[in-house]
Amino acid sequence: MTETTLRQIFAALTFAMIATVVPAQSPPVGDQADPREFSEAGRKAYAGELKVARGLIAERKYDAAIVALDKLIAERPREPQARFLKGVALTDAGQDDAAVAMFQAVLGDFPELPEPQNNLAVIYARKGNYGLARDALEAAIRASPDYVIAYENLGDIYARLAAQNYEMAIARDARNRTAPVKLKFVRDALSPLAASAAMPAASASVGTVPAPAITPATATTGTMPPPAAPR
């Protein structure tokens with residue numbers, strides 16, 4: 001067999017092997033991601049742009065913040081920090097439905113993060129959906145047992161749920177002597193929270209217990225994974 005023939009056979013085998021390789025549908029994420037996407041300069045630049053967006057949110061320039069964050073999200077669609085921060089901006093801008101969708105999308109990719117659960121609870125509580133707020137906060141605590149803000153917020157939600165149940169007991173039995181005492185106790189506990197959140201104080205009538213001033217997370221607590229490679 002001549003050298004030319006051997007070269008032809010080798011070339012044919014090489015072509016066949018290349019043809020059977022399935023191209024990746026998206027770049028790997030995490031420790032296996034392209035190291036060029038995790039250069040120190042790239043990390044600093046990304047962190048700097050996040051800082052700018054946070055500043056815009058603090059200045060209540062929500063539209064500008066969302067535009068800046070959309071740019072980061074377009075560059076790294078699976079990276080959670082910009083997506084989470086966009087949820088914060090949407091919440092502060094009063095776009096609750098869009099914020100809920102954003103936080104839920106982050107949790108779909110990163111269910112271990114407590115911050116999106118906490119901020120979902122804030123939105124649910126603002127709408128009076130205390131059961132959903134409770135469920136979200138309990139999920140945040142399961143994800144991160146040391147996440148202090150969720151425990152405090154959950155206590156406020158439990159207090160509001162207790163008040164609602166005392167109110168229902170009074171409404172159904174005007175002769176009940178214990179429920180009004182308990183309701184007053186809960187209202188007295190909730191009133192400082194309402195005042196600190198610039199909400200009206202509770203009146204003596206049934207059904208006016210103020211919403212708990214639960215605290216949103218405006219930044220991560222160090223549990224966010226590093227930026228993922230764009231896809």
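These are my notebook entries on a predicted model, taken element by element.

**Entry 1: overall make-up**

I began with the secondary structure and counted 9 helices and 0 strands in the protein. Read from the N terminus, the order is α-α-α-α-α-α-α-α-α. Next I looked up burial: of the 231 residues in the protein, 36% are buried. For contacts with a separation of 6 or more, I noted that 57% join residues 24 or more positions apart.

**Entry 2: α2 against α3**

I went through the helix pairs one at a time. Two packed helices are described by the angle between their axes and the distance between the axes. I wrote down both for each pair.

For α2 and α3, the axes come within 8 Å and cross at roughly 160°. That angle is over 145°, so α2 counts as roughly antiparallel to α3. I logged the crossing of these two helices as left-handed.

Which residues make this contact? From α2 I listed Tyr46, Glu49, Leu50, Ala53, Leu56 and Ile57, and they meet Tyr62, Ala64, Ala65, Leu69, Lys71 and Leu72 of α3. Sorted by class, the contact of α2 with α3 has 10 nonpolar residues, no polar ones and 2 charged ones.

**Entry 3: the loop after α2**

I then checked what sits between the two helices. Arg60 is in the loop between α2 (40-58) and α3 (62-75). Its phi caught my eye: near 65°, a positive value in a residue other than glycine. Is Arg60 buried or exposed? Arg60 is exposed, at a relative accessible area of 66%.

Ala58 is in helix α2. I have Ala58 down as exposed because its relative accessibility is 66%, and the cut-off for exposed is over 50%. I also looked at where Ala58 sits relative to Ala89: the two are 31 residues apart along the chain, with 9.3 Å between their C-alpha atoms.

**Entry 4: α3 against α4**

The axes of α3 and helix α4 (residues 80-92) come within 9 Å, crossing at roughly 160°. The angle makes α3 roughly antiparallel to α4. I noted a left-handed crossing here, with α3 passing α4.

On the α3 side, the contact is made by Tyr62, Ile66, Leu69, Asp70, Leu72 and Ile73. On the α4 side, I found Ala82, Arg83, Leu85, Lys86, Ala89, Leu90 and Asp92. The contact of α3 with α4 has 9 nonpolar, no polar and 4 charged residues.

**Entry 5: Asp92**

I came back to Asp92, which is placed in helix α4. How exposed is Asp92? Asp92 is partly exposed, with a relative accessible area of 39%. Leaving out residues up to four places away in sequence, Asp92 touches Ile57 and Tyr62. Ile57 is one of the α2 residues that meet α3, and Tyr62 is among the α3 residues in the contact with α4. I looked up the spacing to Ile57 too: Asp92 and Ile57 are 35 residues apart in sequence, yet 8.0 Å apart in space, C-alpha to C-alpha.

**Entry 6: α7 against α8**

I moved further along the chain to helix α7 (residues 130-143) and helix α8 (residues 148-172), whose axes come within 9 Å and cross at roughly 155°. α7 and α8 are therefore roughly antiparallel to each other. α7 passes α8 in a left-handed crossing.

In α7, the residues in contact are Tyr130, Gly131, Ala133, Arg134, Leu137, Glu138, Ala140 and Ile141. They meet Ala150, Tyr151, Asn153, Leu154, Ile157, Tyr158, Arg160, Leu161 and Gln164 in α8. By class, I tallied 11 nonpolar, 3 polar and 3 charged residues for the contact of α7 with α8.

**Entry 7: the nonpolar cores**

Last, I looked up the cores. How many residues does the largest nonpolar core have? It has 39, and those with the most contacts inside it are Leu50, Leu69, Ala82, Leu85, Phe103, Leu120 and Ile157. The elements giving two or more residues to this core are α2, α3, α4, α5 (96-109), α6 (114-126), α7 and α8. I also found a second, separate core of 6 residues, with Ala163, Ile170, Val186 and Leu190 among them.

Some of these names had turned up in earlier entries. Leu50 and Leu69 are in the contact of α2 with α3, Ala82 and Leu85 are on the α4 side of the contact with α3, and Ile157 is one of the α8 residues that meet α7.

Technical notes. Residues numbered from 1 in each chain as written. Predicted model: local features only at pLDDT ≥ 70, side-chain atom pairs only at ≥ 80, totals over all residues. Heavy atoms only, no water. Axes fitted to C-alpha atoms, helices over the stretch in contact; angles between N-to-C directions. Helix = DSSP H or I, 4+ residues; strand = E, 2+ residues; numbered from the N terminus. Parallel < 35°, antiparallel > 145°, perpendicular 65-115°, else oblique. Left-handed = near helix turned anticlockwise from the far one by under 90°. Contact = heavy atoms within 4.5 Å. Nonpolar A, V, L, I, M, F, W, Y, C, P; charged D, E, K, R; others polar. Buried < 20%, exposed > 50% of the residue type's maximum accessible area, 1.4 Å probe, protein only. Core = buried A, V, L, I, M, F, W, Y, C linked by side-chain atoms within 4.5 Å.
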